[in-house]
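Here are my notes for you, set out as numbered points. Keep the structure open beside you and look up each residue as its name comes up.

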Amino acid sequence: MEAPSTGRPMRADARRNYERIVASAQEAFAEHGPDAPLEEIARRTGVGIGTLYRHFPSRDVLIEAVYRSSIERLSQRAHELLETHSPAEAFEQWLREQVKWVMANRSLATTLKAGMDHGSPTFTLCKELVIDAASALLVAAQDAGDIRPDIEPRDLLRFGHGIGVACETTPEAAERLLAVTFDGLRTPGTGVRS
């Protein structure tokens, strides 16, 4: 995760505080939603509220940083899976992780998108990262002959988002819906059963 550039490098201790605040905020937002008290986030991090506000002058700035960080991790995960799994396994595992991400972060994403210009640098970066991740996985699985050639990267993102939203209150249904989705995405006669 990279702190936004302020024109000068961040000291090592300041960078650690920044990263720890983002991690604590991610946990607090997952537990309490985007309205989690900032004082609680500072307490969890072990810093004073002044330190939190030096890095994040408003709740919206903190939400944006948490969102960007989580998208960066989700995107990086796609590339890690491609290095350690077959294309079909990487594809399926990442779609599962995308569904979990949607279920865990939808309220945060909704709050962020409501208050952010869709042309903002963060919004643009996050969109590029997930499309790049989906493209890398999809191309590898299609090249291996595992996934139908008529599927596009945005389709993969739509499947993950749709299942995540549909299963937000019934997470136990996600794996069943994913299994049906995988059956429909596979090239006939192929498939990984996880």
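1. Let's begin with the whole chain. Of the 194 residues in the protein chain, 42% are buried. Please keep in mind that you are looking at a predicted model. The surface that the chain exposes comes to about 10,200 Å², and carbon and sulfur atoms supply 53% of that area.

2. Next, the secondary structure. How many helices and strands does the protein chain have? There are eight helices and zero strands, so the pattern along the sequence reads α-α-α-α-α-α-α-α. Contacts also reach across the sequence: among those between residues at least 6 apart, 66% join residues at least 24 apart.

3. Now for how helices pack. Two packed helices are described by the angle between their axes and the distance between the axes. Try this with helix H1 (residues 12-32) and helix H4 (residues 59-84): the angle is about 90°, and the axes are 9 Å apart. That makes H1 roughly perpendicular to H4, because angles from 65 to 115 degrees count as roughly perpendicular.

4. Which residues of H1 and H4 make this contact? From H1 come Tyr18, Ile21, Val22, Ala25, Gln26 and Phe29. H4 brings Arg59, Leu62, Ile63, Ala65, Val66, Arg68, Ser69, Ser70 and Arg73. Sorted by class, the contact of H1 with H4 holds nine nonpolar, three polar and three charged residues.

5. A second pair is worth a look. Helix H6 (residues 121-143) and helix H7 (residues 153-166) cross at roughly 105°, and their axes come within 8 Å. H6 and H7 are therefore roughly perpendicular to each other. On the H6 side you will find Lys127, Val130, Ile131, Ala134, Ser135 and Leu138. These meet Pro153, Arg154, Leu156 and Leu157 in H7. By class, the contact of H6 with H7 counts seven nonpolar residues, one polar and two charged.

6. Follow one residue across the chain. Met103 sits in helix H5 (residues 87-115). Its C-alpha atom is 8.8 Å from that of Ile163, although Met103 and Ile163 are 60 residues apart along the chain. If you set aside neighbours within four places in sequence, Met103 touches Gly164, Cys167, Glu168, Pro171 and Ala174.

7. One of those partners deserves its own point. Where is Cys167 found? Cys167 belongs to the loop between H7 and helix H8 (174-185). Is Cys167 buried or exposed? With 1% relative accessibility, Cys167 counts as buried, because the cut-off for buried is under 20%. Apart from neighbours within four places in sequence, Cys167 is in contact with Met103, Ala173, Ala174 and Leu177. The C-alpha atoms of Cys167 and Val102 are separated by 9.5 Å, with their positions 65 residues apart along the chain.

8. On to charged side chains. Side chains of opposite charge can pair when their charged atoms come close. Searching the whole structure turns up twelve salt bridges. In one of them, the side chains of Glu31 and Arg44 meet at 2.6 Å, N to O. This pair links distant parts of the chain, with Glu31 in helix H1 and Arg44 in helix H2 (residues 38-45), 13 residues apart. Glu31 is exposed, at a relative accessible area of 51%, whereas Arg44 is partly exposed at 24% relative accessibility.

9. Helix H2 also has a salt bridge between Arg43 and Glu40. Their side chains meet at 2.8 Å, N to O. Because Arg43 and Glu40 are three residues apart in helix H2, about one helical turn separates them. Arg43 is exposed at 56% relative accessibility, while Glu40 is partly exposed at 22%. Both pairs we have met belong to a wider network of salt bridges that links Glu27, Glu31, Glu40, Arg43 and Arg44.

10. Finally, compare the two ends of one more pair. The side chains of Asp183 and Arg186 form a salt bridge at 2.5 Å, N to O. Which is the relative accessible area of Arg186, and is Arg186 buried or exposed? Arg186 is buried, with a value of 8%. Asp183 is partly exposed, with a relative accessible area of 43%.

Definitions and conventions:
Residues are numbered from 1 along each chain as its sequence is written. This is a predicted model: local features need pLDDT of at least 70, side-chain atom pairs count only at pLDDT 80 or more; totals for chains, interfaces and linings use all residues. Side-chain values use heavy atoms; hydrogens and water are left out. Axes are lines fitted to C-alpha atoms, for helices over the stretch in contact, and angles run from 0 to 180 degrees between N-to-C directions. Helices (H or I, at least four residues) and strands (E, at least two) are DSSP runs, numbered from the N terminus. Angles under 35 degrees count as roughly parallel, over 145 as roughly antiparallel, 65 to 115 as roughly perpendicular and the rest as oblique. Contact means heavy atoms within 4.5 Å. Ala, Val, Leu, Ile, Met, Phe, Trp, Tyr, Cys and Pro count as nonpolar, Asp, Glu, Lys and Arg as charged, and the others, Gly among them, as polar. A salt bridge is a side-chain nitrogen of Lys or Arg within 4 Å of a carboxyl oxygen of Asp or Glu. Buried means under 20% relative accessible area, exposed over 50%, partly exposed in between (1.4 Å probe, protein chains only). Accessible areas come from the Shrake-Rupley method with a 1.4 Å probe; for residues, only the protein chains shown count as cover.
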